[in-house]
Amino acid sequence: MKITTLATALTFWPFFASADVTISDGWARASILASRPAAAYLTLTSDQVDQLVAITTPIAGNVTIHAVETSDDGVSRMVEVDALDLPAGEPVTLAPGGMHLMLMGLSEKLEEGTELPLTMTFASGVRMEVSVPVLGPGAVGPQE
Amino acid sequence: MSIEPSETPPKVLLLRSILWGSVFVAIAGVAIFSALEMYLGNGSKTVRYSGEADIRSEFSLTDHTGQEMTQADYADRWQLVFFGFTHCPDICPTTLAYMSGVLDLLGDDADQVAPIFITVDPERDTVPVMAEYVSVFHPSLIGLTGTEAQVAEAARNFRTWYERTENDSAPDGYFMAHGGYIYLMQPSGEFEAVYQEGGQPPEVLAQEIRKKL
């Protein structure tokens, strides 16, 4: 797996510096039409058991973690995940068709070629700021 | 995470038997009906039901240019059909981008395929919305919308499913849940195959479609 640690990973509390989360393969899909929910994807790897509990961005009213649950009859529903479990040392991937960050109440369209800033808060208290590239509406994976 | 491991409670089993029962009754009904229709001399048009997969492309909808369309308007081509909605953040753009990739891989053969996106959210996905949306993915992608009843009928004929879920935090207060399948339909409108975006790389699907053309 390609590990491009995208942009700045800032630890706000050095006391918790032992809890180290690596964020890679992050990207968001450009908005096609205004006032539509947007999706962002990334891979999180924590060196110890942790949980992603909150995500914020200045340009969206709220950000939630969604998983896709497919029932026996083949019907897929999005289910909101309150806290995303991060096992120690195991990458957790949010990718199209599976888990994603859903951004609602966008104050502006996500434009291709820009960056989406995200602040992620973990149960351990670690807070990270990353920014992920906004790729074209037809993108299906992180940038090469 | 809030995903529970799925088990099959007896209620579901009962429901399943009822559902299969109704499928059987429906197929039997259709068979009797068509037999009667033919017997009564009304069977000039050849209707063939496979029973195995009674999925058929049959609809009356409006395309993204505002034209009233039925499946007959695409009878010169195979159809690649996906149901979704434009407020869908993940599955829909992902699947439509995937379908566009397949069309590009088909090259000149793509002329023999009508790629169709049918909205399950006609209330918001009007003709101009569909026009702007489909143009982003592929120049030949066709967006179809209609009245709630027309969309419901199309979904019924494709044996697909969708549902409106109220959610206060969602735009306009609701989400649409829907089956995430891509249907490959014969030019006659009859069912050929069903795929999912994550099921195979676009190269594999393009190859499979090319073999059938």
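The crossing of α2(B) and α5(B) is right-handed, in a model that is predicted rather than determined by experiment. As a rule, a pair of packed helices is described by the angle between their axes and the distance between those axes. Here the axes of α2(B) and α5(B) come within 9 Å and cross at roughly 55°. Because oblique covers angles that are neither under 35 degrees, nor over 145, nor from 65 to 115, α2(B) is oblique to α5(B).

Which residues make this contact? From α2(B) come Y98(B), G101(B), V102(B), L105(B) and L106(B), and they meet P202(B), E203(B), L205(B), A206(B), I209(B) and R210(B) of α5(B). Sorted by class, the contact of α2(B) with α5(B) has 8 nonpolar, 1 polar and 2 charged residues.

Now let us look at helix α5 of chain B by itself. Within its residues 202-212, L205(B), A206(B) and I209(B) are buried. These three lie on the same side of α5(B), because they cover an arc of only 100° around the axis. Turn to the face pointing away from that buried side, and you will find the exposed residues E203(B) and K211(B). What do the buried residues of α5(B) pack against? The table lists these partners in chain B.

| Element of chain B | Residues | Role |
|---|---|---|
| α2 | 91-106 | packs against the buried residues of α5(B) |
| β4 | 113-119 | packs against the buried residues of α5(B) |
| β8 | 181-185 | packs against the buried residues of α5(B) |
| β9 | 191-196 | packs against the buried residues of α5(B) |

Stepping back, it helps to see the whole chain. Chain B has 5 helices and 9 strands, and from the N terminus on they follow the order α-β-β-β-α-β-α-β-α-β-β-β-β-α. Of the 213 residues in chain B, 36% are buried. If you take the contacts in chain B between residues at least 6 apart in sequence, 66% of them join residues at least 24 apart.

Finally, chain B has a neighbour. How many residues of chain B are in contact with chain A? There are 28 of them, in contact with 31 residues of chain A. On the side of chain B that touches chain A, the elements giving two or more residues are α2, α3 (127-137) and β7 (174-179) of chain B. The largest share of that side, 6 residues, comes from α2(B), a helix you have already met in the contact with α5(B). By class, the residues on the side of chain B that touches chain A divide into 15 nonpolar, 10 polar and 3 charged.

How values were computed. Residues numbered from 1 in each chain as written. Chains lettered and ligands numbered in written order. Predicted model: local features only at pLDDT ≥ 70, side-chain atom pairs only at ≥ 80, totals over all residues. Helix = DSSP H or I, 4+ residues; strand = E, 2+ residues; numbered from the N terminus. Buried ≥ 20, exposed ≤ 12 C-beta atoms within 10 Å, placed from the backbone. Contact = placed C-beta atoms within 7 Å. Arc of directions from axis to C-beta. Nonpolar A, V, L, I, M, F, W, Y, C, P; charged D, E, K, R; others polar. Axes fitted to C-alpha atoms, helices over the stretch in contact; angles between N-to-C directions. Left-handed = near helix turned anticlockwise from the far one by under 90°.
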